[in-house]
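Biologist: Could you take me closely through one part of this model, the packing of a pair of helices, and then set that part beside the strands and a residue of interest elsewhere in the chain?

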Amino acid sequence: MYTQLQNQGQQNSNKLRFNWKIILILLPFALGLGIYFSITSGQPKNDPDQTLKVRQPHQQIPYFYISTYEECKKELTLSIDNYTTSFELPKQYPFAYTKCERSERQDYSYHLQESLTSVFQLNKQNTPIIEIIQVNYYLEFSEVLFNLIDQKILGYEFAEQNSPAYFIRTNNNIFYSFVIYTSSNVESIYQNSLLQIRVYGGRVNIKFFLYDKPEQIIKAYHQFIGGYKLFPFWSLGYQYFGTWIEEKDLKYLESKSIPLEMVWIDEQKNNYLPPNYRKIKVTYPTVQLDTVDKKYLIKEPNKEPFQGCVDDEHVNYIDYNVQNTIQKETQLHPNSEYSGAMLKSFVNNEITENGKCQGRNIGIDKDAFHFSNKHPVLLEKKVTEQYFRPLNSFAQSKQYSEHSNNVKLIMSESAFFGQGQFSGIIFDSVDLEQTIAHLIYNNFFGLPYTGSYGCDQGKSNLNWCARWLSIQAWMPLFMSRSTSKFQFSNHPDYFDQIYLEVKARQSLNKWMFAQFLKNYDSKVNAFTGTIIQPIWWFNTSDTRAYQYEDREFIFGEVFLVAPIIEDPENEYSTEYDIYFPQGDFWMETKQPTLFMGGSHVAYLILSNTQTPCFQKAGSIVFKQDSINLKMDYLNNIYNLYVVFSRQGTDGNAEGIMITLQDMSDENVKKKCYENGNNCLMKVKMRYVYDQNTRSEHYFISCTGINKHTVFEQVQINTLNLFHSKLQMDNQITLKHPIIIKDSFKTEYDLQQYMY
């Protein structure tokens with residue numbers, strides 16, 4: 001026994017001596033690694049082009065780094081971070097995080113150095129465009145102060161609402177854009193040419209787009225965030241927000257053959273669900289007390305569900321960051337009968353001493369935490385409300401977008417970066433001028449599917465509502481929303497205007513859809529670019545156009561739209577100030593009148609609810625004149641509106657058309673943008689005047705936009721021809737309709753088709 005113990009002790013002693021030898025050998029390497037990591041602790045872990053270390057009088061964060069990354073020839077990223085304690089979102093959210101290769105930068109330069117007046121200056125075309133004069137870094141948030149002297153931020157009032165993207169024009173017409181890419185809460189103040197941005201979460205990443213032309217800047221932005229989602233064709237149809245709608249109003253619309261596509265239903269307030277309309281569920285991020293498992297709810301620090309107050313009811317709040325929340329929610333509120341969902345803003349009203357709800361929205365207490373589950377949608381840590389509110393809107397939109405094939409249309413009242421990948425946005429229209437600015441801004445930054453509330457505003461009257469509706473008809477989401485005092489059946493005069501706008505819009509629905517389809521970008525497998533532009537978009541040297549950027553806009557590169565945003569002096573006949581952008585002629589096609597680009601006109605309007613619109617010379621637009629059919633039953637028979645751009649006695653025009661007859665969701669997806677397919681064709685027309693025979697000739701050609709165009713069958717019955725310069729129009733009903741089933745091999749002489 002003793003011998004065994006002695007032998008075992010000898011073996012242990014040998015092992016110990018051997019282990020000490022290993023330790024002595026590895027000790028220098030361990031010390032070296034320790035010294036290395038102590039020196040490099042907190043250093044940038046990636047590969048910046050330049051890095052500046054900034055010291056500050058802060059005990060917990062005594063210094064931080066500003067780094068630059070030169071990308072894509074004309075893109076630059078500025079990162080502000082201490083690389084140790086800052087909170088950061090996963091990079092795959094809220095956008096695809098598409099990158100491009102590093103390359104030699106062009107047309108811009110920058111200076112990264114701390115001085116008494118600035119830390120960063122950026123130049124484009126050898127001209128200073130932006131300067132960061134101060135940066136502060138704290139545990140909960142970071143602050144950046146920009147100097148934007150002699151510059152204008154387009155749509156700043158919308159950029160501050162949790163969608164921090166800025167499009168800027170300098171006084172000498174240099175354009176650029178930058179975004180703060182985060183889903184954390186962002187606060188900003190713009191005053192006296194200084195823009196202060198506060199990002200909750202610490203880390204700040206600023207992406208600059210420095211391309212030459214506005215359309216190049218926006219295209220690059222869209223590719224960076226991963227593009228936007230295309231909503232179904234039927235969602236372009238006429239809609240009604242149904243909180244106050246009554247059955248008599250729907251019957252009234254049916255009696256007038258108005259093709260109302262869908263009704264937005266607040267299921268908690270309205271039990272009338274008409275069976276022959278698509279239904280959009282209006283949903284709040286709340287549930288009644290004790291109705292769902294605790295793990296799906298926002299909690300207080302003691303991990304009990306947080307109780308709030310909405311519409312005189314005590315409620316719990318849903319935490320959409322928890323995986324499968326939508327599936328649990330829909331057990332209580334089935335969505336199988338709904339075609340879409342409207343996601344309402346987060347509201348928590350103040351609770352009085354007697355337990356009643358007051359109207360003031362107080363949010364959630366800062367010490368209320370939101371815990372993720374094992375498989376979070378977005379976050380992997382608990383966060384307070386400062387982070388939570390925009391993140392919850394993002395997670396809710398994402399879950400609704402991915403949950404069900406039945407829920408096709410997702411709209412949100414909240415704005416967040418990268419939103420267009422999951423939902424559109426609907427906003428309040430305080431005034432008509434603001435509505436135009438909102439339309440343009442949302443289209444710039446990845447939210448082309450846009451709508452607005454209007455006629456429930458406090459200052460609303462029938463004339464104002466009708467004028468607002470005429471702008472709404474040019475929004476992708478064409479919806480009426482009004483309080484009970486503006487119900488259709490009670491105001492036939494107001495309804496007459498609705499009838500006109502629905503008729504005009506229904507004829508253009510497929511043409512509008514084509515504007516979305518032509519923006520498909522195979523690089524990001526999504527839709528990019530804008531379908532609504534400011535009037536200076538195609539001629540940035542047109543200085544007079546900038547004076548009208550809040551009053552007029554261009555739709556689809558073809559229509560100049562000039563809504564009546566001011567109360568006219570005379571209710572029935574007055575003049576309205578309209579400017580026509582330089583470089584093109586513009587045709588008013590209702591009462592054919594030609595206007596020269598660069599001209600300023602006192603335009604005579606016959607009604608204060610009229611919306612003047614003008615078609616650009618050289619363009620072709622296809623329309624359907626029947627309005628008594630819903631979107632599912634629209635035929636494939638079109639009329640062409642052709643405005644020739646004249647050169648001498650000849651003229652030319654071109655446009656695009658949809659090649660499909662079946663516009664169902666699956667058919668559009670399969671044939672219009674999946675697997676490299678598309679469903680668009682180019683239509684070109686030529687006008688030739690033969691002076692020898694004194695005869696007119698019209699030629700037409702129809703070809704797919706590329707070899708992957710899928711044709712079904714479309715038919716052209718009528719040509720509405722407008723000749724710029726000659727100021728003459730001619731409507732031709734073809735004796736033999738043109739049937740298009742494939743690309744034309746040659747252009748057709750339409751003489752044989754005319755009477």
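**A helix pair and its surroundings**

Modeller: In this predicted model, helix H8, which covers residues 462–472, packs with helix H9, residues 492–517, at an angle of about 5 degrees, and the axes of H8 and H9 are 10 Å apart. Angles under 35 degrees count as roughly parallel, and H8 is therefore roughly parallel to H9. On the H8 side the contact is made by Leu462, Cys465, Ala466, Leu469, Ser470 and Gln472, while H9 contributes Tyr494, Gln497, Ile498, Glu501 and Arg505. Taken by character, the residues of this contact divide into six nonpolar, three polar and two charged.

Turning from the helices to the strands, one finds an open sheet of eight strands with parallel pairing, in the order S25-S24-S23-S20-S16-S15-S14-S26. Strand S25 (450–453) and strand S26 (479–480) stand at its edges, and because each has a single partner strand, one side of each is left without a neighbour in the sheet. Within this sheet, strand S23 (residues 409–412) runs parallel to strand S24 (residues 424–428), and two bridges join them; Ser412 has Ile425 of S24 as its bridge partner. Helix H7, residues 432–444, packs on the sheet and touches both S24 and S25, with a direction that makes about 160 degrees with that of S24.

An antiparallel arrangement appears further along the chain, where strand S33 (residues 585–588) pairs with strand S34 (residues 593–596) over four bridges. A hairpin of four residues connects S33 to S34, and Glu588 stands opposite Thr593 in S34. Strand S33 is also joined by two bridges to strand S36 (residues 613–616), again in the antiparallel sense, with Met587 standing opposite Gln615 in S36.

The residue I would single out is Lys124, which lies in strand S5, residues 120–124. Residues under 20% relative accessible area count as buried, and Lys124, with a value of 0%, is therefore buried. Leaving aside neighbours within four places in sequence, Lys124 is in contact with Asp107, Tyr108, Ile129, Ile174, Phe175, Leu210, Tyr211, Asp212 and Ile217. One of these, Asp212, is 88 residues away from Lys124 along the chain, yet the C-alpha atoms of the two are separated by 9.3 Å. For Tyr211, the backbone oxygen lies 2.4 Å from a polar atom of the Lys124 side chain.

Conventions:
Residues numbered from 1 in each chain as written. Predicted model: local features only at pLDDT ≥ 70, side-chain atom pairs only at ≥ 80, totals over all residues. Heavy atoms only, no water. Pairing = 2+ DSSP bridges. Contact = heavy atoms within 4.5 Å. Axes fitted to C-alpha atoms, helices over the stretch in contact; angles between N-to-C directions. Parallel < 35°, antiparallel > 145°, perpendicular 65-115°, else oblique. Nonpolar A, V, L, I, M, F, W, Y, C, P; charged D, E, K, R; others polar. Buried < 20%, exposed > 50% of the residue type's maximum accessible area, 1.4 Å probe, protein only. Polar contact = N/O pair within 3.5 Å; in protein donor to acceptor, adjacent residues only side chain to side chain.
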